[in-house]
Amino acid sequence: MATLQSTAPPDADRTPDRVIVRRKRTVGQRLRHDWPLLLLALPVVAHLSVFHYWPTAWNIIAFMDYSPYRPFWENPFVGFAWFERLFNDPYFTPALLNTLKFATLNLVFMFPLSIVLALAMNSIISIKARSAFQSIVYLPHFFSWVLVVTVFVQVLGADGLISNWIMDGGGERLNFTSNPDTFLLLVWMQWAWKDAGWGMIIFLAALASINPSLYEAAASDGANRWRRMWHITLPGIRPVIILLLILQIGGILSVGFEQYQLQRQSIGYQSTEVLDTFVYYQSIIGNQGESFGTAAGLFKGVIGLILILVANKIAHRLGEQGIYQKS
Amino acid sequence: MSTPSPRQPLRRRSLFKVAGLGAAGAAGLPVISACSDIESNSGSTQATEGFDFLPTYKEFPLPVEPNLVGEPPNHPSGFTSYPEPVQAVAEVPSGSGTYELTVPIWGDTPDGDDPYYGTVTETWGGTTINLRHADGNTFADTSVQWLKANEYGDAIAIFGWMLGSHSNFTETVVNNFYNLTEILKGDIAERWPLLARLPSSSWGQSVWSTDIEDPDTAGIYGIPMGFTGGPGNAVMYRTDLLAGANLTVPTTIEELLEVCRAWSDDANGKWAFAQLDWFVGQWFGLGGTDGWNWDADQKKMVNNVERPEFTEMLEFRRTLWDEKLIHPDAPTGTLDAAAMQKAGTVLFTQDNMARWNDYALQVKRGEAEGEINPLPPLGAKGREPLVYMNISIDGWTFLNKDLSKEQVEEILDVANWCASPYGTTEYELLQYGVEGEHFTLGEDGSPVYTELGSKLVQAPMNYKNVVGQVQTFLTGDPDVVQKRFDFHASVQEFGAENPFAGMRIEAPADAKAAGQTLWDQQNDIAYGRAELSSIPDILETYMNNGGEAAREYYTEAYKSVHGE
């Protein structure tokens, strides 16, 4: 079997065994060299410090019987009493199970939908059709949940557009926006309309980074559209898929708040209560106080961290980059 | 490959291990959790009578006497004609301070540059009070955090019904608000004659204690809003729609159900109700404070959820749902029932009595048709009806504790001016605005809001609730005043006694949380998401999660007033 050999002349000036020694730069030199980058990073660091790291330190009130009217260190430490109350609350477990149910639904049916939309969008050649498609699937992301829920009630509600059409035709009213049995489907439809287009954007960016010559080479070798997608497109965006998957798994206990809170009264608390609404209703409306809510938030955060670490580890085992790599 | 320095105290992997340990700890908390007691949010009771530090009550002659004389507070007096207003405060003290008052608003925020504000400011002596409007629908809940963060300006208006959203409100009050006792104690009639004329019970209901166990720590922490009595709410119906369907006004629950059946037509978009939840309890005799009543026969505190009438009430609500007598989107809780009644698609609304007068004014302006009236007290199964009589102040204006004594006194000067009663020029300016701009005098000589006045003066709270007037009257459309006066007279015999009169009770946090769940479960049954047979389960859930503890709490409170 013939092998290709380089025809380039050997580098005459290269000294093969020469060791390049780089002098370690001092902190001052590095500052002088990298100050534009540091300056760019400063707002983000300030934002994270003020709105994330500093509030994170206040998680300590989950272990206190906290009152904002006492000097901070005079708040008595109560150990894990708030966590005990949280785990013993009869509504905590149902809320946790609902949260996991919605998160799983999102992971299984929404995450792939964004990929499918990105692939569909990528295959549209006409620029006009492409922008129209992008606008239709992308703009609903900017609607608030209040608007989304209102639109669904106006269209699919018992006194909504479709229901009245059905009634005019002699049928029965739709019972969709206040039916606990179909709430999962309703939630999925709302997600799909509001957020699938938004999720598509990152995948589109990843698709743009795939070298077009790969497609040309595959096409000239006779690969059809399906094989090109399977062997070039999907492997090309795999690192991004894995990255987003890990992040999504980490946020599995945070499925949102407004969507469930807004529909709580019409669907009933048993089907709509997720951890965030549980915290709101028990901690703020139910007057359990800041410590209780913080304990619930800390629980969510800790579980999310564990899931991210585990998912990242699995990603490494499978040869992916994950969200960070060992140094 | 880089080699970590052995002196490096924590490496990234180590950090993750620490985090992982913490995570594992949190996940296993139920096993290792300590059993420390949580003391906060355990509720409080506060006496509102019998203090010797309240302002000394001193008569202030009313500029004009009402022509309908009732028996206040449950049967208030009223005016069926508009008197020539006279000035109440002869010499207004000059003020130069600028303050910010946070108030709730329902609807659009008015234009702050309107002459109304400038004229009022100039007339009461120059003190500027800028209003910070916040959405009234969420005010109760969101104010919890503003207060804790001391981010509400110099003063905040809070209605009594909003206290349910606050945990340990006593702690909030004594730590946040100015203790007015030293300023208001004793004879204040010389500087603030109108504040001295406010009912003593208004001031008594503005008292909180830093230590509930110690009466000496009690003090006045709020400026009381209006002192009212009688039924504040009612189910209003369109008289013209009822008569148009050849139906008569129901006098019992059974008759009401028949009227609902006769009037509703789901297929054609007509329903008896758009919403019926918080009002319906009194039709079934379910009153009390937070649902608790003293049962003289059993000699124990009993919650509404334990009584057979509770089941009857839910059966009634469920019937409305099953027979399509209530709007199909009622479970959303977001329907504008008043607008639907105005449009004629809904017959009844559960309402505040103030809407009665508003609707009459809308009809006179040609913005609405027909007429609304309240349903009479209704009872089920031949039982005597029950009417909640709300003898209390509407709320308080609390002043920030960071104000100086001089600043507080300046605001009290303004409050004194605002306490002017009906029939004064101060009242007219505050309630109706500037003549020609915000109101005109109608044919009968009474003020009629212009479109601007309706939006800017009538609708929002503005300064009208900084303090209550020295006496509250029925005022407004003469026909409505007469009818409302008669209605108040007719319901007196059905007035429910408040077993906790003379005290303010804040339920323990557990009981409040359990109450929230109980409310959700009631709606589940009422809207067909759960069966009536689940009532024993919801009773058990409520009792096990704060209900039983609440029973003891309310029993102690009751016995502290009525003895063993």
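**A first look at chains A and B**

1. Buried residues (20 or more other C-beta atoms, placed from the backbone, within 10 Å of their own) make up 31% of the 327 residues in chain A. A word on conventions: this is a predicted model, where local features need pLDDT of at least 70, side-chain atom pairs count only at pLDDT 80 or more, and totals for chains, interfaces and linings use all residues. Residues are numbered from 1 along each chain as its sequence is written, while chains are lettered from A and ligands numbered from 1 in the order in which they are written.

2. Chain A has 13 helices and zero strands; helices are DSSP runs of H or I with at least four residues, strands are E runs of at least two, and both are numbered from the N terminus.

3. On overall dimensions, the C-alpha trace of chain A spans about 80 × 70 × 35 Å along its principal axes.

4. Helix H2 of chain A, residues 81–88, is mostly covered, with six of its eight residues buried. These are A:Ala81, A:Trp82, A:Phe83, A:Glu84, A:Arg85 and A:Leu86.

5. Do look at chain B too. Five of its strands form an open sheet with mixed pairing, in the order E3-E2-E4-E16-E7; strands pair if DSSP finds at least two bridges between them. The edge strands, E3 (128–135) and E7 (223–224) of chain B, each pair on one side only.

6. Within that sheet, strand E4 (residues 155–159) and strand E16 (residues 395–399) of chain B pair in the antiparallel sense over five bridges. Here B:Ala157 stands opposite B:Thr397 in E16(B).

Key. Buried ≥ 20, exposed ≤ 12 C-beta atoms within 10 Å, placed from the backbone.
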